[in-house]
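Me: Could you take a close look at one part of this model for me, the place where the two chains meet? I'd like the whole picture in one go, with the numbers.

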Number of protein chains: 2
Amino acid sequence: MATKTAPDSSRRSERSRRAIYDAALALISEIGYSKTTIEGIAARAGVGKQTIYRWWSSKGEVLLEAFLDLGERNAAAAAEAAGVDPADARHIPDTGDLAADLKYVLRATVDELSDPAFEAPYRALAAEGMVNREVSERYVEKLLEPGLQLYAARLRAAQEAGDVRADVDPRIGLELFVSPLAQRWLQGTGELTHAYVDTLVDYALNGLSPR
Amino acid sequence: MATKTAPDSSRRSERSRRAIYDAALALISEIGYSKTTIEGIAARAGVGKQTIYRWWSSKGEVLLEAFLDLGERNAAAAAEAAGVDPADARHIPDTGDLAADLKYVLRATVDELSDPAFEAPYRALAAEGMVNREVSERYVEKLLEPGLQLYAARLRAAQEAGDVRADVDPRIGLELFVSPLAQRWLQGTGELTHAYVDTLVDYALNGLSPR
């Protein structure tokens with residue numbers, strides 16, 4: 001995390017932190033990344049500007065951490081709803097059935113990407129990342145690449161089990177089922193359904209050519 | 001095309017049209033979609049606002065057509081450089097070798113996406129499409145989907161030739177090699193090289209599982 005100083009753990013500062021995250025996500029959704037300012041976030045959160053500058057050095061840091069926090073809360077809520085340990089929700093399940101495990105996670109991703117609380121700030125952050133290299137690099141490093149590495153780890157386990165060819169580069173292989181979902185969401189080139197991601201997994205594992 | 005009235009074909013109006021397209025692309029690259037205005041485009045192009053309103057009814061239409069025109073000029077230049085008829089450059093070649101044909105087109109796409117003249121306006125348009133549904137819908141209809149349909153047509157021809165399984169949906173199958181490239185370019189999640197797109201085509205056609 002890119003905090004300047006670790007916040008103390010009192011309930012009061014935790015409450016301020018939550019208010020700041022909520023204000024940051026609301027503003028980026030409503031007025032976009034470029035118009036959101038530290039001053040605006042402070043005013044909406046009902047805290048002084050100095051409270052924000054004590055913990056973060058730029059609006060980019062506040063927004064990225066607010067977004068990471070939202071992702072963690074979403075994941076924890078999804079894990080609770082599914083009755084699994086939140087710690088396990090950070091991994092892709094390995095039941096021994098690679099196709100089923102990938103479909104399970106990609107279906108959950110479809111549901112998350114359709115969640116309005118998540119969609120507006122995520123779109124605003126992704127749009128800014130397209131035209132702002134600094135935002136893009138932090139976003140990839142902190143958010144996107146760690147997510148992709150979970151798929152790479154699952155494909156490596158599948159290679160050890162003989163379910164994926166040994167000559168496949170897992171970091172590229174995962175893109176065959178993750179990137180189509182990403183492009184449809186980013187560019188609106190098609191519907192996102194459970195049936196669609198199931199088809200992607202089948203095509204990616206078995207290829208398009210006759211066997 | 002979404003022009004209000006067909007422009008006359010005099011050299012003078014063709015020159016104005018080119019100046020307007022150039023001004024629109026320069027402004028969207030420099031200051032972004034939301035700050036670009038019809039007034040700003042007119043001032044930069046050295047034409048009156050009414051000249052623009054005679055041909056287009058909104059800045060969205062000017063920008064989309066400027067971008068489509070840029071794409072056509074790029075394609076024509078690439079065809080000339082490759083010594084092929086520009087009309088043929090609108091199709092994906094069918095030499096009978098599906099993998100080679102796809103690699104040829106995707107390598108050219110990598111080169112185009114790395115061209116600075118193309119990159120800045122394309123990024124600005126894609127970023128706006130992420131947060132503006134009207135822009136997104138027009139962009140998909142006029143630009144993205146027609147491009148994707150070229151791949152779908154090539155996959156259908158490959159199905160007839162027995163090189164792609166008959167049960168594959170070409171519109172989804174094409175995303176296995178097109179979308180990874182798109183996501184890397186949109187989100188900066190990895191390098192774009194000829195070797196990378198070659199690998200995508202091989203994985204997509206043959207799958208990740210052992211044969």
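Reply:
**Where chain B meets chain A**

Put together, chain B and chain A bury about 4300 Å² between them, and carbon and sulfur atoms give 59% of that area. Three residues stand out on the chain B side: Met130(B), Tyr203(B) and Leu208(B) supply 18% of the area that chain B buries against chain A, more than any other three residues. Bear in mind that this is a predicted model.

In terms of head count, 48 residues from chain B and 47 residues from chain A take part in the contact. Of the interface residues of chain B, 98% are also interface residues in chain A, so the copies meet through the same surface.

The symmetry goes like this. A turn of 180° with a shift of 0.0 Å along the axis lays chain B on chain A with an RMSD of 0.1 Å. The two copies are thus related as by a two-fold rotation axis. If you want a landmark for that axis, go to Gly207(B): among the residues of chain B, its C-alpha comes closest, at 1.7 Å.

Now the polar side of things. The rule finds 2 salt bridges across the interface of chain B and chain A. One of them joins Arg184(B) to Glu175(A), with the closest N and O atoms 2.6 Å apart. Polar contacts between chain B and chain A come to 30 residue pairs, counting pairs with both residues at pLDDT 80 or more.

Which elements of chain B build its side of the interface? Those giving two or more residues are α6 (116–131), α7 (133–160), α8 (170–173), α9 (175–187) and α10 (194–206). Of these, α9(B) gives the most, with 12 residues. Sorted by class, the side of chain B that touches chain A has 26 nonpolar, 12 polar and 10 charged residues.

For a comparison, there's also an interface inside chain A, where the domain assignment gives domain 1 (1–63) and domain 2 (91–206). The centres of these two domains of chain A, taken over C-alpha atoms, are 29 Å apart. Here 8 residues of domain 1 are in contact with 8 residues of domain 2, and the two domains bury about 640 Å² between them, 67% of it on carbon and sulfur atoms. The count of salt bridges between the two domains is 0, and the rule also finds 0 residue pairs in polar contact there, with both residues at pLDDT 80 or more. On the domain 1 side, helix α1 (residues 11–31) of chain A gives the most, with 3 residues. By class, that side has 5 nonpolar, 2 polar and 1 charged residues.

Key
Residues are numbered from 1 along each chain as its sequence is written. Chains are lettered from A and ligands numbered from 1 in the order in which they are written. This is a predicted model: local features need pLDDT of at least 70, side-chain atom pairs count only at pLDDT 80 or more; totals for chains, interfaces and linings use all residues. Side-chain values use heavy atoms; hydrogens and water are left out. Domain bounds come from an automatic or database domain assignment. Contact means heavy atoms within 4.5 Å. Buried area is the accessible area (1.4 Å probe) that two parts lose on being put together, summed over both. A salt bridge is a side-chain nitrogen of Lys or Arg within 4 Å of a carboxyl oxygen of Asp or Glu. A polar contact is a pair of N or O atoms within 3.5 Å; within protein, one must be able to donate a hydrogen and the other to accept it, and residues adjacent in sequence count only if both atoms are side-chain atoms. Helices (H or I, at least four residues) and strands (E, at least two) are DSSP runs, numbered from the N terminus. Ala, Val, Leu, Ile, Met, Phe, Trp, Tyr, Cys and Pro count as nonpolar, Asp, Glu, Lys and Arg as charged, and the others, Gly among them, as polar. Copies are superposed by least squares on the C-alpha atoms of residues with pLDDT of at least 70 in both.
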